[in-house]
Amino acid sequence: MSMSSPAGEPTLRTLTGQVRGEVLRPGDDGYDAARTLWNAMIDRHPRAIVRPRGVADVIAAVDVAREQDLLLSVKGGGHNVAGHAVCDGGLTIDCSNMDWVRVDPAERTVRAGPGTLWGDFDHETQAFGLATTGGGVSTTGIAGLTLGGGNGFLARKYGLTVDNLRSVDLVTAEGEFVHASAEENPDLFWALRGGGGNFGVVTGFDYDLHPIGPDVLAGRILHPFDDAVTVLRRYRDFVTGAPDEVNCLAGIASAPPDSSAADLDPGTKFVQLLAVYAGAPEDGEEALQPLRTFGDPIADRVRPRPYTELQQLLTETAAPGYRNYWKSDYLAALPDDAIDVVVEHCDQFPSDLSSVFFETMGGAINRVESDMTAFPHRDAAFSVTAWARWTDPASDGDHRAWAQSLSAAMKPYTTDGVYLNFLSQESAERVEAAYGDNHDRLKTVKAKYDPNNLFKMNQNITPAQ
Ligand SMILES: Cc1cc2nc3c(=O)[nH]c(=O)nc-3n(C[C@H](O)[C@H](O)[C@H](O)COP(=O)(O)OP(=O)(O)OC[C@H]3O[C@@H](n4cnc5c(N)ncnc54)[C@H](O)[C@@H]3O)c2cc1C
């Protein structure tokens, strides 16, 4: 070892011999791909990236990070907009090789590895006509999404992803392997259902599955931007009190230059409703009808289609490689004035890539008590997210300012809460707001499982003293 080698260097070298997976160093083939995140704003260079093949590799990596006091980060699908999955100068555990999915059709359960993406998960479970609530973009990782709560098109019918989680395998900061479920380590299991990556490295997730598909009635309805206020009011009235099977994402965006997403000239703003009926397609026709029979839509693409196709519909519009900043808030209701504020801000999109979207909560999501899982926002009716997306680093400030100004203007209508998984790089107060009333209890669980805060590259919960 040269005199100038940083602390931990010999151990990092020997880590290569201790794991079945790869250990990538700067300059190695694959190093840059492994450190790349969905959000191009984040460009970090870990000293080493471990790509575990199994639990033993994860234990070895956690032990090295703890013993050498290395900054440690954990990467699933790499989609988190805040970009905590990769660190500068430390050790990143990239779980992408642990992407196994094992369905038990008889029990209607599935076990999946922490590197699994929702597209792979849906592919495997749909072979048996089964699904669980998962992300609406197929390239998002199951790991980060699940640990933050997990909202998707099935959530109003079957609850959030965490409501379908049966158990978890995890490697703690001490390198110990533990199982967490309602029966075993229930405090940890509670915290993992909304507490993010604060408690260890998850090496396996078990979920409940439900019969879905193969076809579901779903698709986009597009309206002109000029009708945005009317369309959004109609959307609100329709989803409020709709059956649990009905879900709808509403958004305002601009037609992209090279996509079939809109029957519009590139750059033209439009409103879109992505309506889904999570049941038999024939039952959905009547349920979705009110959303399809008003105004003068540009296009109505609601039709029976494979569930796996629904789960890919948004993937193209959420391509990686752009600079991104999100500002998201929950709403207990969506009054007319709030809709006006959103539409006014959409009139001032800083680029054709900017958009705003509303998620519909309610149904089974809200029938769970807010302290039953670490995810606390069970009283929210909607979330609204300003999604700034752009390419030129010189205009970072303008795009962030636009998203922040929409969030500020919505303050009279929003709750104090925010979805953990939609936080950008934001203040400690906003991180605390994501944990809401469950924050103190999470701090206590953190003190038990990670008292020295080894897992700090996340929306951090500091251990209770
Ligand atoms: C295009 C896009 C679409 C999205 N759609 C949805 C959606 O439909 N519904 C929804 O709820 N959310 C959605 N999200 C938000 C998503 O839930 C978060 O971005 C989530 O963190 C992504 O998980 P990941 O594994 O891909 O992320 P990563 O960036 O890899 O991980 C995020 C964090 O999770 C933790 N983590 C990851 N793996 C592990 C592990 N094995 N053990 C312990 N901690 C770990 C780490 O703290 C890490 O920093 C979307 C995000 C994007 C960018």
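Confidence in the protein is lowest in helix α1, residues 9-18, where the mean pLDDT is 85, and highest in strand β10, residues 201-208, where it is 99. These values belong to a predicted model. Over the protein the mean pLDDT is 96, and 98% of the residues reach 70 or more.

The ligand is a convenient place to go next. There are 34 residues around the ligand, and those that come nearest are Gly76, Gly78, Gly136, Asn151 and Tyr419. Three elements, β3 (72-75), α5 and β10, each supply at least two residues of the shell around the ligand. Which of the elements gives the most to this shell? Helix α5 does, with four residues.

Some polar contacts of the ligand involve the protein backbone. A polar backbone atom of glycine 78 is 2.7 Å from an oxygen atom of the ligand; glycine 78 is also among the residues that come nearest. For glycine 141, a backbone N or O atom lies 2.9 Å from an oxygen atom of the ligand. With valine 202 the ligand takes part through a nitrogen atom, 2.9 Å from a polar backbone atom of that residue. Taken alone, the ligand exposes 960 Å², of which the protein buries 96%.

Helix α5, residues 142-148, has a second role in this description, as part of what covers the buried residues of helix α4. Helix α4 spans residues 118-126, and its buried residues are Trp118, Gly119, Phe121, Asp122, Thr125 and Gln126. Why are they on the same side of α4? They are on the same side because they cover an arc of only 160° around the axis. Besides α5, the cover over the buried residues of α4 includes the strands β5, β6, β7 (130-131) and β10, together with helix α10 (307-310). Both α5 and β10 thus appear in this cover and in the shell around the ligand.

Another buried position is leucine 192, in helix α7, which runs over residues 186-192. Leucine 192 counts as buried because its relative accessibility is 1%, and the cut-off for buried is under 20%. Leaving aside residues up to four places away in sequence, leucine 192 touches Thr146, Leu147, Val168, Leu170, Ala180 and Phe199. One of these contacts can be followed along the chain: alanine 180 and leucine 192 are 12 residues apart in sequence, while their C-alpha atoms are 8.8 Å apart in space.

The backbone itself has a few points to look at. Arginine 108 lies in the loop between β5 (101-104) and β6 (109-112). Its phi is near 55°, a positive value in a residue other than glycine. Asparagine 453, in the segment after α14 (439-449), also has a positive phi near 55° and is likewise a residue other than glycine. Is each of these two residues buried, exposed or partly exposed, and what decides it? Arginine 108 counts as partly exposed because its relative accessibility is 41%, whereas asparagine 453 counts as buried because its value is 11%.

The last point is a peptide bond. Glycine 213 and proline 214 are joined by a cis peptide bond, with omega at about 10°. Where is proline 214 placed? Proline 214 is in the loop between β11 (210-211) and β12 (215-224).

Definitions and conventions: Residues numbered from 1 in each chain as written. Predicted model: local features only at pLDDT ≥ 70, side-chain atom pairs only at ≥ 80, totals over all residues. Heavy atoms only, no water. pLDDT = per-residue confidence, 0-100. Buried < 20%, exposed > 50% of the residue type's maximum accessible area, 1.4 Å probe, protein only. Arc of directions from axis to C-beta. Contact = heavy atoms within 4.5 Å. Near = heavy atom within 4 Å. Polar contact = N/O pair within 3.5 Å; in protein donor to acceptor, adjacent residues only side chain to side chain. Areas by Shrake-Rupley, 256 points an atom, 1.4 Å probe, with all protein chains shown as cover.
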